[in-house]
Amino acid sequence: MSIALTTAGLSKNYGALQVTRAVDFSLPVGARHALIGPNGAGKTTFINLLTGTVPATSGSITLLGEDITGQRPDQRVKRGLARTFQVTSLFPELTPMQSVTLAVCERLGLTARWYKRTGEHRAALDEAAEILARLHLGHVGHLLTRTLPYGQQRIVEVAVALALRPRVLLLDEPAAGIPSGESAELFEVIAELPEDISLLFIEHDMHLVSRFASRVTVLVAGGILAEGTPAEIMANPEVRTVYLGNSEGHA
Ligand SMILES: Nc1ncnc2c1ncn2[C@@H]1O[C@H](COP(=O)(O)OP(=O)(O)OP(=O)(O)O)[C@@H](O)[C@H]1O
């Protein structure tokens, strides 16, 4: 089994507060891995440590065999690490086509001069159209992002991340804010992503986790409480006490 991403002893302190505690984590290539845990458990911080927007206090992060612990976020993106945010980060006045094309141009290093390089710009437009079609957004690619249903806007975020050609994609609560009827649709689109993209996603809804994740890590107070298949996690008495309660759904 080849490994896309690992952390060893990864820790983050804010003063006396330990937000991430010596996390040893491993994401195999092709994984569909969920990160769950109570509010404030440190899930978003863990993603921020992986992307480099938050510097680690100690420990290491390895992406595709390379130690990226000291790298800037943009260097990690170039090496194949992309993310989406818990709250939408799209430009509302751009169309999905424009947002995805810009991301393709960014990857190709064309952003500052794309208007001069129409040949390469054409290729970027074609690639953006192909990504949007793959995510079933082809028919709304020309509409202003702010006019799209929120569920579709979240899929546009995945499209922008895909334009960076990630090997590992981190999704911070991709279904947050989406009416529950639309969240399965979003995850179906995510489930169709190519298998060579390894996925780590934060999700509270255990029904979605059971359906779309092959493995689950439970984070509590910054440390890993348990790891296993969704069935193992849902049957784990400690996890049930600390996180799942009796609801089996939202924490
Ligand atoms: N910049 C910061 N300075 C101080 N404390 C912080 C900072 N960022 C996060 N924290 C604290 O770290 C803890 C973990 O926060 P984090 O947002 O990572 O949790 P989470 O599991 O993603 O929570 P949620 O499910 O509510 O999004 C919280 O107690 C939070 O208050």
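Here is a walk through the chain, from its overall build to its two domains and then to the ligand site. Keep in mind that this is a predicted model.

Let's start with the whole fold. The chain carries 9 helices and 10 strands. Its radius of gyration is 18 Å, close to the 18 Å that the globule rule gives for 251 residues, so the chain is as compact as a globular protein of that length. If you want to set up a box, the C-alpha atoms fill one of roughly 60 × 40 × 35 Å along the principal axes. Of the 251 residues, 40% are buried. As for how the chain folds back on itself, take the contacts between residues at least 6 apart in sequence: 65% of these join residues at least 24 apart.

Next, the domains. Domain 2 is residues 87-165, while domain 1 is made of two stretches, 1-80 and 166-251. Measure from centre to centre over C-alpha atoms and you get 25 Å between the two domains. Where they touch, domain 1 puts in 11 residues and domain 2 puts in 11 residues. On the domain 1 side, helix α6 (residues 180-191) gives the most, with 5 residues. What sort of residues does domain 1 present there? By class, that side has 8 nonpolar, 1 polar and 2 charged residues.

Now for the ligand. Going along the sequence, the shell around it starts with Y14, L17 and V19, then picks up G37, followed by N39, G40, A41, G42, K43, T44 and T45. Which elements supply at least two residues each? Those are β2 (17-28) and α1 (43-51), and the largest share, 3 residues, comes from α1. By class, the shell divides into 4 nonpolar, 6 polar and 1 charged.

Helix α1 deserves a second look while you're here. Along this helix, K43, F46, I47, N48, L49 and L50 are buried. One of them, K43, is a residue you've already met: K43 is part of the ligand's surroundings and is also buried in the helix. Follow the chain just past the end of α1 and you reach G52, which takes a positive phi of about 95°.

To pull the threads together: the chain splits into domain 1 and domain 2, with α6 as the top contributor on the domain 1 side of their contact, and α1 holds the largest share of the shell around the ligand.

Key: Residues are numbered from 1 along each chain as its sequence is written. This is a predicted model: local features need pLDDT of at least 70, side-chain atom pairs count only at pLDDT 80 or more; totals for chains, interfaces and linings use all residues. Helices (H or I, at least four residues) and strands (E, at least two) are DSSP runs, numbered from the N terminus. The radius of gyration is taken over C-alpha atoms; the globule rule is 2.2 Å times the number of residues to the power 0.38. A residue is buried if 20 or more other C-beta atoms lie within 10 Å of its own, exposed if 12 or fewer, and partly exposed in between; C-beta atoms are placed from the backbone. Two residues are in contact if their C-beta atoms, placed from the backbone, lie within 7 Å. Domain bounds come from an automatic or database domain assignment. Ala, Val, Leu, Ile, Met, Phe, Trp, Tyr, Cys and Pro count as nonpolar, Asp, Glu, Lys and Arg as charged, and the others, Gly among them, as polar. A residue is near a molecule or strand if its C-beta atom, placed from the backbone, lies within 6 Å of it.
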